[in-house]
Amino acid sequence: MELNKLVGLVTQNPLEQLVTFTVKDEIAFGLENLKYPEAEIKKRVKEISKFLGISHLLDREINQLSGGQMQLTILSSFLVMNPKLLILDEPIAFLDQKSESLLLGRLKRLIKSDNYDLTLIIIEHRLSRIIDIADKIVVLNYDGTIALNGEMSNILRNSFNELKVCNLRVPWLLNTFYEYDRSIINPVDFQEAIDLIQNLSINQLEKLKKVLINTEIHPDYLKKYQNFDRLIEFDNLYIESIKNHSSGKQKTIPKNYLEIKKLTFKYPNSGITALQNLSLQIEQGDFIGLVGPNGSGKTTLLYLLAGLYEPKSGEILYRGENIQNFDEYEYAQKIGFIFQNPESMIFKSTIKDEILYAPKNFNILNQIKEEYINKLISLIGNESPEKNPFNLSWGQKRRLNLSSIFVYNPEIILLDEPFIGQDQYTIEELIETLYIENKRGKTIIISSHDYHLLLKYTKKIIELNHDGTLRDYDTNGNYFKRHGNLGPIILLNEINKQIQKKTGDE
Ligand SMILES: Nc1ncnc2c1ncn2[C@@H]1O[C@H](COP(=O)(O)OP(=O)(O)OP(=O)(O)O)[C@@H](O)[C@H]1O
Ligand SMILES: [Mg+2]
């Protein structure tokens, strides 16, 4: 038997794996190559697309899919072949919560099912996502040697600190209790945690609450960025430039910084309406999380804000002026766009050329100090400026993307799913960088499915409905209070309830 029939490898970058024209063809491709009868192919394609919830997309063209839709298409194209071993490299990174739990649930069923003899290897940074499905875990060191290897439950209970040291994104619940008291046995599921807090005293509850807020809701360490003077203590060239940007005094912030008015966008030639009648205002210095299900128009909205697409109707105003009226590079220079796929914004064959690419285009190369360029190169890691960017790791490519926009000092930074493929440390590093940029007055909009990170780090949330209309737009606090179905918020509410109850009892 051929090896490729037995093994499927779904890589991290969905686009590079798609080979055909429509979703239907893509899923059928492997079976067709193996000369399966047509009726059998049809049947399997139908089954598998239903299984992963993408039946409605079968006739769609591949290049008309959102990131999450693409990921599900590729997965289908592998599962349809009934592989014996399936290797998935961050399979849920692009998925919304519904598709994520659908997919994980389905994979779990496949593994447990007697009809399939499937071994699954999932590469994933967020441990919480796979505790339920993986029996074993292998953690690698930077050099590829094995750091930890064993039964999942055993490692979670007994080697939690080692997991943290390995820079993994550990499950928030375990982490909270671990930080609260290292001597207790960590609750692994929510019910255990709720049971546990029933027996805590008021003082213990207060302590747990503080730890929870600090680790998962509003980290203390970020407060230093609220204080401009403290920030300067981070003395380095990168941060030096803040001094020139802010007098430390509160400036008056124009309300109408970016204004979206009745915006509707249809993809030409496809008739797909991605955004509908969207109206909202963005203030200068906002730090916004952009959320919504797969295909709700997040990426499209970022493209429109960047001036890369033209609205079908409605308009986007920058300081009161329609962005269509600006000269070609005038508005583009205000925007730093970090695309969903880091490779799609790398154009040059060396790191240094890549960083100089935009300044050359904008004709501002002579304004940029060599020292600053070196600093931007060093942000990527200890790499030669002459290295080919395509040989960097995914995370490093992402950092190169950042350096290549920071170099021309854009006012508005748009990031499409920037957390994908990043470990704990690089996420914190990215967030610190963005906080500093935000402190310098930059406006930041991050599209992401990672509600935990958005809760922790952003200041406002825009939520889109699946049909591209606006569902909600509010400050972070209000938003998460209203949509309080996120673990840390539920636990916080439970702790508050207990505190109230125990105070009443006394
Ligand atoms: N180039 C394109 N041509 C036609 N339709 C497209 C194109 N790109 C996206 N679409 C469609 O427009 C809608 C919005 O897509 P968009 O990529 O903005 O969604 P998204 O919210 O970013 O989704 P995801 O969370 O999966 O990244 C979807 O229905 C998608 O299939
Ligand atoms: Mg998207």
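In the predicted model, an oxygen atom of ligand 1 lies 2.8 Å from an N or O atom in the side chain of N294. Of the accessible area of 640 Å² that ligand 1 has on its own, 90% is covered by the protein. Two further side chains approach the ligand through N or O atoms: that of R60 places such an atom 2.7 Å from an oxygen atom of ligand 1, and for the side chain of Q69 the corresponding separation from a ligand oxygen is 2.9 Å.

The shell around ligand 1 comprises 23 residues, of which R60, S66, K298, T299 and T300 are the closest. By residue class, this shell consists of 15 polar, five nonpolar and three charged residues. With respect to secondary structure, at least two residues of the shell are supplied by helix 4 (67–79), and at least two likewise by helix 13 (298–305). Ligand 1 lies between domain 1 (3–123) and domain 2 (237–255 + 284–298 + 305–311 + 322–484), because both domains give residues to the shell that surrounds the ligand.

Attention then turns to the backbone conformation of two asparagine residues, N269 and N409, each of which has a positive phi without being a glycine. In N269, phi is about 70°, and the residue is situated in the loop that runs between strand 6 (258–266) and strand 7 (273–282). The relative accessible area of N269 is 85%, and the residue is therefore classed as exposed, the cut-off for this class being over 50%. In N409, phi is near 60°, and this residue belongs to the loop between helix 17 (394–406) and strand 12 (412–416). With a relative accessible area of 31%, N409 is partly exposed.

A further feature concerns two positions that are distant in sequence, E206 and N496, which are 290 residues apart along the chain. The C-alpha atoms of these two residues are nevertheless separated by 8.7 Å in the model. E206 forms part of helix 10, which spans residues 202–217, and its relative accessible area of 38% places E206 among the partly exposed residues.

Technical notes:
Residues are numbered from 1 along each chain as its sequence is written. Chains are lettered from A and ligands numbered from 1 in the order in which they are written. This is a predicted model: local features need pLDDT of at least 70, side-chain atom pairs count only at pLDDT 80 or more; totals for chains, interfaces and linings use all residues. Side-chain values use heavy atoms; hydrogens and water are left out. A residue is near a molecule or strand if one of its heavy atoms lies within 4 Å of it. A polar contact is a pair of N or O atoms within 3.5 Å; within protein, one must be able to donate a hydrogen and the other to accept it, and residues adjacent in sequence count only if both atoms are side-chain atoms. Accessible areas come from the Shrake-Rupley method with a 1.4 Å probe; for residues, only the protein chains shown count as cover. Helices (H or I, at least four residues) and strands (E, at least two) are DSSP runs, numbered from the N terminus. Ala, Val, Leu, Ile, Met, Phe, Trp, Tyr, Cys and Pro count as nonpolar, Asp, Glu, Lys and Arg as charged, and the others, Gly among them, as polar. Domain bounds come from an automatic or database domain assignment. Buried means under 20% relative accessible area, exposed over 50%, partly exposed in between (1.4 Å probe, protein chains only).
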